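Please take a moment to look at the sequence and the three-dimensional structure shown below. The paragraphs after it move from a metal site to the parts of the chain around that site, and then outward.

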Amino acid sequence: MPRAAALALLLATATACANDVPEADWSRGLLPEHITTQGDVVQGLWNPAWIAALATGVVVIVLIVWAAIFHRKRKTTKAELPPQVRYNLPIEMLYTLIPLVMVSVFFFFTARDSAVLTRVDGDARVKVKVEAFQWSWRFTTTVDGKTLQPVAGMPVSDYHQGPQLVLPVNSKVEFDLSTDDVIHSFWVPAFLFKRDVIPGIREDNPGRKFEITTLNKPEVYAGRCAELCGVDHSRMLFSVKLVPQQEFDQYIATNQAGSAQ
Ligand SMILES: [Cu+2]
């Protein structure tokens with residue numbers, strides 16, 4: 001009975017702590033449900049890559065077991081060397097070519113999808129300047145050239161209390177990442193994407209920028225820093241709130257820079 005109680009307590013605390021851990025689903029290869037069109041690309045690379053890796057694993061394990069069972073030294077024979085085989089050209093070509101083909105296929109799809117994920121068209125209506133600092137974030141959103149009041153946060157233990165970035169659904173959003181202190185990493189698990197924020201990178205460097213197109217999934221999502229950046233790194237939490245366009249328009253109206261708060 002005390003054991004059951006302890007287990008119940010453990011389960012309760014485990015679920016309580018996991019408030020910012022998105023639900024994992026085997027059909028998505030344990031990735032969280034994504035909220036961007038770019039997430040489709042990531043998911044579309046992730047699943048087949050795992051299937052290919054698992055299929056390769058099955059073939060290798062079957063071959064190992066087969067060799068272990070059917071090619072054992074027989075007890076009846078005396079201690080002597082097995083027949084020495086050399087220069088089996090077909091087999092040598094096979095085990096050179098197959099890995100080469102496999103790596104090439106992985107490389108092709110990875111390169112193709114990386115190009116899509118890092119492409120910045122620059123025509124997004126919503127642009128977000130993300131400034132990372134020890135240990136929180138400042139978000140400055142610009143919509144159609146109008147800059148809203150920055151949202152800045154402090155270290156917190158629950159992402160709901162961190163700074164909140166409000167974005168419209170079904171919209172293209174451009175991010176520009178910068179920091180003045182140490183390396184951070186901007187990570188919204190539901191984007192299936194993260195990008196290091198490195199000090200000293202010039203504004204025109206494409207490595208600072210990336211684009212997403214949000215899906216119609218209004219909700220509040222967790223975000224965090226994914227690069228150990230100091231004592232309060234684990235409390236560098238924030239949230240992204242996807243809202244319908246109408247709600248976003250209201251948000252713009254009440255948060256324009258210079259407007260009374
Ligand atoms: Cu950080």
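Which spacing do the donors of the copper ion follow along the chain? They follow H-x40-C-x3-C-x6-M, where donors are N, O and S atoms within 2.8 Å of the metal (3.2 Å for Na, K and Ca), and since water is not among the atoms, sites may look incomplete. Before going further, note that this is a predicted model, in which local features need pLDDT of at least 70 and side-chain atom pairs count only at pLDDT 80 or more, while totals for chains, interfaces and linings use all residues. Residues are numbered from 1 along each chain as its sequence is written, and side-chain values use heavy atoms, with hydrogens and water left out.

The atoms that coordinate the copper ion are ND1 of H184, SG of C225, SG of C229 and SD of M236, at 2.1 to 2.5 Å. The angles among these four donor atoms are 95 to 125°, and the site is tetrahedral, a label given to four donors if all angles lie between 85 and 135 degrees. H184 lies in strand β7 (residues 184-188) and C229 in the loop between β10 (219-225) and β11 (238-243), so this pair ties together parts that are 45 residues apart in sequence. Both H184 and C229 are buried, where buried means under 20% relative accessible area, exposed over 50% and partly exposed in between, with a 1.4 Å probe and protein chains only.

The strands just named belong to an open sheet of five, in the order β5-β11-β10-β7-β8, with mixed pairing; two strands pair if DSSP finds at least two bridges between them. Its edge strands, each pairing on one side only, are β5 (164-168) and β8 (193-197). Neighbouring strands of this sheet are turned by 25° against each other on average, direction ignored, with axes taken as lines fitted to C-alpha atoms, for helices over the stretch in contact, and angles running from 0 to 180 degrees between N-to-C directions. Helix α4 (residues 245-255) packs on the sheet, touching β5 and β11, and its direction makes about 130° with that of β5; contact here means heavy atoms within 4.5 Å.

Within the sheet, β7 and β10 run antiparallel and are joined by two bridges, and W187 has R224 in β10 as its bridge partner. On the other side of β10, the pairing with β11 is antiparallel over five bridges, and A222 stands opposite S239 in β11. β7 also pairs with β8 in the antiparallel sense, over five bridges, and here S185 stands opposite D196.

Away from the sheet, helix α2 (residues 37-70) has 34 residues and reaches 50 Å from its first C-alpha to its last, close to the 50 Å expected at 1.5 Å a residue, the expected span being 1.5 Å times one less than the number of residues. Q38, G39, V42 and Q43 are buried in α2, and the buried residues of this helix pack against α3 (89-118) and β9 (209-213). A52, also in α2, is partly exposed, with a relative accessible area of 32%.

Taken as a whole, the protein has four helices and 11 strands, which are DSSP runs numbered from the N terminus (helices H or I, at least four residues; strands E, at least two). Of its 261 residues, 31% count as buried.

Conventions. Four donors count as tetrahedral if all angles lie between 85 and 135 degrees; four count as square planar and six as octahedral if opposite donors are over 155 degrees apart and all others between 65 and 115; anything else is irregular.
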